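Colleague: I'm new to reading structures, and I would love a close look at one part of this one. Could you pick a charged side chain, show me its surroundings, and then lead me outward from there?

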Amino acid sequence: MTTVVLSGRRGGTTHREVELLGTLPSELRLIGGLAVMCRVGSPHRTTVDLDAVARDLSGLHPRLAHVAMTSTGGGQYRFEGQVDLDVIDVAPVPADELLASIGGDGEPLSDLELNVVAHTWAHDGATEVDVTAVDELTGDRLATAPARSIATTSGLVAMKASTIPLRVSTKPEKRASDLYDLARLVQVAPPDAPTFDGMPDVLAESVARRLHTWFVDDAGRDRTFREIRRFDEPAVDLDEVADAVEELLV
C-alpha cells in the first residue's frame, strides 16, 4: 500500500478534500488535481474540488446524494465545507472490450471516443493509496483517507492527454491547467514503463503523439509555455519535461 502525506492549512482546501475523500464510497476512483498531487508527491497547484470516475454511477448516486448537501444531477455534488465532487460514469466494460465495440469498423476514433476509452482504462488500473493531510506548520494530522483508489500516473496522463483537445475552444483555462498537470506528472513522477506499455495501442499512439507535440516540438512547447506560465508554483522546467517525454517514448 502506497502512503501519501499532503501538507496544508487546518480548515484549508487540502484538509477538507482529504477529509471528504475518506468518507466517499470505495467504488470511486480519484482523478483530477488531488490525484495528481498524490502521484507527484509534492506541492502542486491548488485544487478547488474533487474529481472521480466510477462504473455504474446510477447505483452509487443514492449513497452520494444522501450525504451531499446538494446534488444537481450529472454526477455533480456539493458537500459540507463547500467542497464539490464531480463524478464521470465510465463504460460498463473494460477498455479492450470497449475498443472492440466502438473501433470495430476500422475508422479512426474521434477525440471524444479516445477520451471515453482513456477514462475507462484509468478507472480499471487505479491503485489503492493511504492519503493523510497534515498541518503545514505543526505537522499535526488533520485528516486521513485510507485505501482510496487513485488513478495511476499513466492513467492520469492518458485522461489529460485525451481531454485537452476537447477543451480547445470552450475552456482554455482548463486546457492550461491540464497541460500544467501533465508537465508536472512527466517531470516529477514519470509513468512507469510497464503500466504505460499496458495502455491500449490506439490510445498509447495518440497520447505519445500529443505529448511530443506539446512538450518536444519547438512550436508546441512555446505555446505550452505561454499557456501554463500562470501556474508558477511549483515551476515547471519544460526542457526537463521534453527530455522525460523523449525517454518515455523510446
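Modeller: Happy to! Let's begin with one short distance: a polar atom in the side chain of Arg-148 sits 3.2 Å from the backbone oxygen of Pro-146. Keep in mind throughout that this is a predicted model.

Where does Arg-148 sit? It belongs to strand β8, which covers residues 141-150. Arg-148 is buried, and yet it has no salt bridge. The nearest side chain of opposite charge is that of Glu-128, 7.4 Å away. A salt bridge needs a side-chain nitrogen of Lys or Arg within 4 Å of a carboxyl oxygen of Asp or Glu, so with 7.4 Å to Glu-128, Arg-148 goes without one. What it does have is the polar atom 3.2 Å from the backbone oxygen of Pro-146.

Now look at what surrounds this arginine. Once neighbours within four places in sequence are set aside, Arg-148 is in contact with Leu-21, Gly-22, Leu-24, Pro-25 and Ser-26, and also with Thr-127, Glu-128 and Val-129. Glu-128 therefore appears twice in our picture: as a contact of Arg-148, and as the nearest side chain of opposite charge.

The residue just before it in the chain deserves a glance too. Ala-147 is also in strand β8, and its phi is positive, about 50°, although it is not a glycine. With a relative accessibility of 27%, Ala-147 counts as partly exposed, whereas Arg-148 is buried. You can find another positive phi at Gln-82, near 60°, again in a residue other than glycine. Gln-82 is placed in the loop between β5 (76-79) and β6 (83-90), and its 48% relative accessibility makes it partly exposed.

Let's return to the contacts of Arg-148, among them Leu-24, and follow that leucine inward. In soluble globular proteins, nonpolar side chains tend to be buried together. Here the largest nonpolar core has 76 residues, and Leu-24 is one of those that touch the most other members, along with Leu-28, Leu-64, Leu-85, Val-131, Val-207 and Phe-215.

Phe-215 is a good place to go next. Leaving out residues up to four places away in sequence, it touches Leu-179, Leu-182, Ala-183, Arg-221, Thr-224, Leu-238, Val-241, Ala-242 and Val-245.

Phe-215 falls within α9 (201-215), and α9 is included, together with α5 (111-125), in what covers the buried residues of α4. Which residues of α4 are those? In this helix (residues 95-102), Ala-95, Leu-98 and Leu-99 are buried. Seen down the axis of α4, they fall within an arc of 100°, so they line one face of the helix. The face turned away from that buried side carries the exposed residues Asp-96, Ala-100 and Ser-101.

One contact of Phe-215 brings us back to arginines, since Arg-221 is among the residues it touches. How does Arg-221 compare with our starting point? Arg-221 forms a salt bridge with Asp-239, and their closest N and O atoms are 3.0 Å apart. Arg-221 lies in helix α10 (residues 218-228) and Asp-239 in helix α11 (residues 238-248), so this pair ties together parts that are 18 residues apart in sequence. Arg-148, by contrast, has no salt bridge.

Helix α10 holds another pair. Glu-227 forms a salt bridge with Arg-223, with 3.3 Å between the closest N and O atoms. The two are 4 residues apart in α10, which means they are separated by about one helical turn. Their surroundings differ: Glu-227 counts as buried at 13% relative accessibility, while Arg-223 is partly exposed with a relative accessible area of 40%. Elsewhere, salt bridges that share partners join Lys-160, Arg-167, Asp-178 and Asp-181 into one network.

One more arginine to set beside Arg-148 is Arg-78. Its side chain meets that of Asp-84 in a salt bridge of 2.6 Å, N to O, and at 31% relative accessibility Arg-78 counts as partly exposed. The count for the model comes to 11 salt bridges, and buried Arg-148 takes part in none of them.

Notes:
Residues numbered from 1 in each chain as written. Predicted model: local features only at pLDDT ≥ 70, side-chain atom pairs only at ≥ 80, totals over all residues. Heavy atoms only, no water. Buried < 20%, exposed > 50% of the residue type's maximum accessible area, 1.4 Å probe, protein only. Lys, Arg positive; Asp, Glu negative; His and termini not counted. Polar contact = N/O pair within 3.5 Å; in protein donor to acceptor, adjacent residues only side chain to side chain. Contact = heavy atoms within 4.5 Å. Core = buried A, V, L, I, M, F, W, Y, C linked by side-chain atoms within 4.5 Å. Arc of directions from axis to C-beta.
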